Amino acid sequence: MLVLDKHGWPLQPCTPARARKLLTAGRAVVHRHTPFVIRLKDRTVGESEILGVEVGVDPGSKATGVAVFTAQDGTRTGLLLIEVRHRGGQIRDKLTARAALRRGRRSRNLRHRAPRFNNRARSQGWLAPSLRHRVDNTMSWVERLRRWAPVTQLHVERVAFDTQLLQNPAIQGVEYQAGELAGYEVREYLLEKWKRRCAYCGASGVPLNIDHIRPRACGGSDRISNLTLACVPCNQAKGPTPAEVFLTDRPDVLARILRQTKTPLRDAAAATSTRWALWRALTGTGLPVQVATGGRTKWNRHRTGALKTHTLDALHTGALDTVTRWPGTALVATSTGRGTYSRTRSDRYGFPRLRLPRTKQVYGFATGDLVHAVVPAGVNRGTHTGRVAVRSTGRFNIRTGTGLLQGVHHRHIRLLQRADGWAYTHQPEGQPTHA
């Protein structure tokens with residue numbers, strides 16, 4: 001549990017059992033419900049021993065994993081796991097719809113703002129709003145964790161694959177790439193590039209081997225551009241035969257494979273821009289930032305027996321020896337935004353069909369608040385926790401982790417936390433298969 005002193009400065013996190021004792025004894029109060037943070041009444045930073053914690057970040061397209069852990073002599077202990085889910089897809093769709101509407105107005109000679117050509121230049125490091133949103137979301141959570149925990153160091157995946165090292169192992173030393181980690185970098189790159197399918201028959205969900213398109217016996221090299229994935233039957237049938245000979249009767253498959261070898265990873269430029277922009281933003285915090293690759297993260301997970309999730313990837317980012325334990329559940333924070341300025345809802349033709357109330361609070365609740373409802377009877381009978389959507393009638397909707405409840409009376413609802421632009425749920429986290 002995250003702990004603050006009586007002035008709101010972060011202290012060393014404690015165990016849930018210790019937090020319960022402090023709350024029961026009246027020495028602490030609940031500072032925040034989700035993530036759970038307590039504030040001590042009788043302790044300051046100068047009176048406490050603070051060892052510090054570290055934060056790992058695993059950037060992703062749809063979700064980013066964030067892990068808070070302690071590290072000592074290469075051994076990590078997970079304290080808090082958070083999966084930050086982005087809404088970049090929604091932002092992209094809204095921008096596309098807006099552009100279509102503007103083009104339509106101009107082509108139909110309707111009222112529109114004339115284009116201005118003196119403000120079209122993009123600043124250095126500009127990112128599309130859907131990509132900038134991912135960076136801003138992640139930085140928002142890093143800054144939050146810095147307010148609630150004594151963060152001393154950050155770890156982040158700056159690149160998914162170190163392609164320079166894949167092409168020339170001697171760039172940073174032969175010993176680094178000659179070890180077991182080199183195979184993980186190559187295999188992870190090929191799995192992503194070939195969509196985890198056999199290049200020759202398209203089989204998926206089966207064991208895949210690394211295959212040389214032009215075999216080494218025929219002068220082929222070990223460069224990444226000469227490698228692909230093949231299932232066991234295709235790999236055995238091809239053997240030392242060049243792909244041109246093996247696929248003589250399937251020229252369309254051969255053309256696809258040769259074209260795919262020259263095609264970069266889908267969205268590689270966007271993903272790389274986001275990762276580097278995030279790294280630059282993290283270094284701007286003033287904390288030490290350690291960088292790593294996705295291949296090293298997978299290698300670490302294999303050694304500790306952890307499953308592949310965004311949060312566990314964040315916990316295994318960078319150089320480490322082992323991970324002792326981590327929480328059994330992960331907090332899922334879904335970006336929802338803070339509402340809209342629109343005061344109407346439109347029909348299919350764009351005309352307003354209803355007006356939204358100008359007051360946001362109804363009976364002390366506002367849309368987006370985290371609430372706890374205890375319904376004694378009816379179809380919604382039971383205990384529910386989630387985000388509320390207020391209605392002027394006093395019967396609200398509650399979005400929980402399992403679905404939507406409609407028509408819950410406000411007298412059965414208790415406020416847990418004011419809306420902050422996020423929806424919170426919990427999901428079980430994978431435990432190690434061996435330790």
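**A walk through a predicted chain**

T274 is buried, with a relative accessible area of 8%. The cut-off for calling a residue buried is a relative accessible area under 20%, so T274 at 8% falls in that class. This residue is part of helix α10, which runs over residues 268–283. Once residues up to four places away in sequence are set aside, T274 touches L131, R134 and V135. The model is a predicted one, and every value below is computed from it.

From this one residue we can step back to the whole chain. The chain has 435 residues, and 42% of them count as buried. It contains 12 helices and 23 strands. Its accessible surface comes to about 24,700 Å², and carbon and sulfur atoms account for 51% of that surface. Contacts also show how the chain folds back on itself. Take the contacts between residues at least 6 apart in sequence: 63% of them join residues at least 24 apart.

How confident is the predictor? The mean pLDDT of the chain is 85, and 88% of the residues reach 70 or more. Residues 173–180 have a pLDDT below 50, and this stretch has 10 contacts in the model beyond near neighbours in sequence. The pLDDT is the predictor's confidence in each residue, on a scale from 0 to 100, so the placing of residues 173–180 should be read with that low value in mind.

Next come the charged side chains. Side chains of opposite charge can pair when their charged atoms come close. In this structure the count comes to 12 salt bridges. One of them joins the side chains of D42 and R27, with N and O 3.0 Å apart. The two residues are 15 apart in sequence and sit in distant parts of the chain: D42 in the loop between β4 and β5, R27 in the loop between α1 (16–24) and β3 (28–32). D42 is partly exposed, at a relative accessible area of 39%. R27 is also counted as partly exposed, at 26% relative accessibility.

A second salt bridge is formed by the side chains of D420 and R32, at 2.6 Å from N to O. What separates these two along the chain is 388 residues: D420 lies in the loop between β22 (413–417) and β23 (422–428), while R32 belongs to strand β3. Are D420 and R32 buried or exposed? Both are buried.

A third pair is R92 and D93, whose closest N and O atoms are 3.4 Å apart. The cut-off for a salt bridge is 4 Å between such atoms, so the R92 and D93 pair qualifies. R92 counts as partly exposed at 48% relative accessibility, and D93 is partly exposed at 45%. Salt bridges can also share partners, and in this way R32, R144 and D420 are joined into one network.

The loop that holds D42 also holds V45: this residue is found between β4 (37–40) and β5 (53–58). V45 is partly exposed, with a relative accessible area of 33%. Together with W9 and I50, V45 makes a nonpolar surface patch of about 280 Å². Residues in such a patch need over 30% relative accessible area, so V45 at 33% meets that condition.

Strand β9 (residues 208–212) is the place of I210. I210 is partly exposed, its relative accessible area being 34%. Which residues does I210 contact, leaving aside neighbours within four places in sequence? They are V186, R187, L190, L227, T228 and L229. For I210 and L227, the separation in sequence is 17 residues, and the C-alpha atoms are 6.6 Å apart in space.

The last stop is the cysteines. How many disulfides does the structure hold? The number is 0. C201 is in no disulfide, and the nearest cysteine sulfur, that of C231, is 3.6 Å away. A disulfide needs two cysteine sulfur atoms within 2.5 Å, so the 3.6 Å between the sulfurs of C201 and C231 does not qualify. C201 is partly exposed, with a relative accessible area of 45%. C14, by contrast, is buried, with a relative accessible area of 17%.

Key
Residues are numbered from 1 along each chain as its sequence is written. This is a predicted model: local features need pLDDT of at least 70, side-chain atom pairs count only at pLDDT 80 or more; totals for chains, interfaces and linings use all residues. Side-chain values use heavy atoms; hydrogens and water are left out. Buried means under 20% relative accessible area, exposed over 50%, partly exposed in between (1.4 Å probe, protein chains only). Helices (H or I, at least four residues) and strands (E, at least two) are DSSP runs, numbered from the N terminus. Contact means heavy atoms within 4.5 Å. Patches are made of residues with over 30% relative accessible area and no salt bridge: like charges are joined within 9 Å, nonpolar side chains (Val, Leu, Ile, Met, Phe, Trp, Tyr) within 5 Å. Accessible areas come from the Shrake-Rupley method with a 1.4 Å probe; for residues, only the protein chains shown count as cover.
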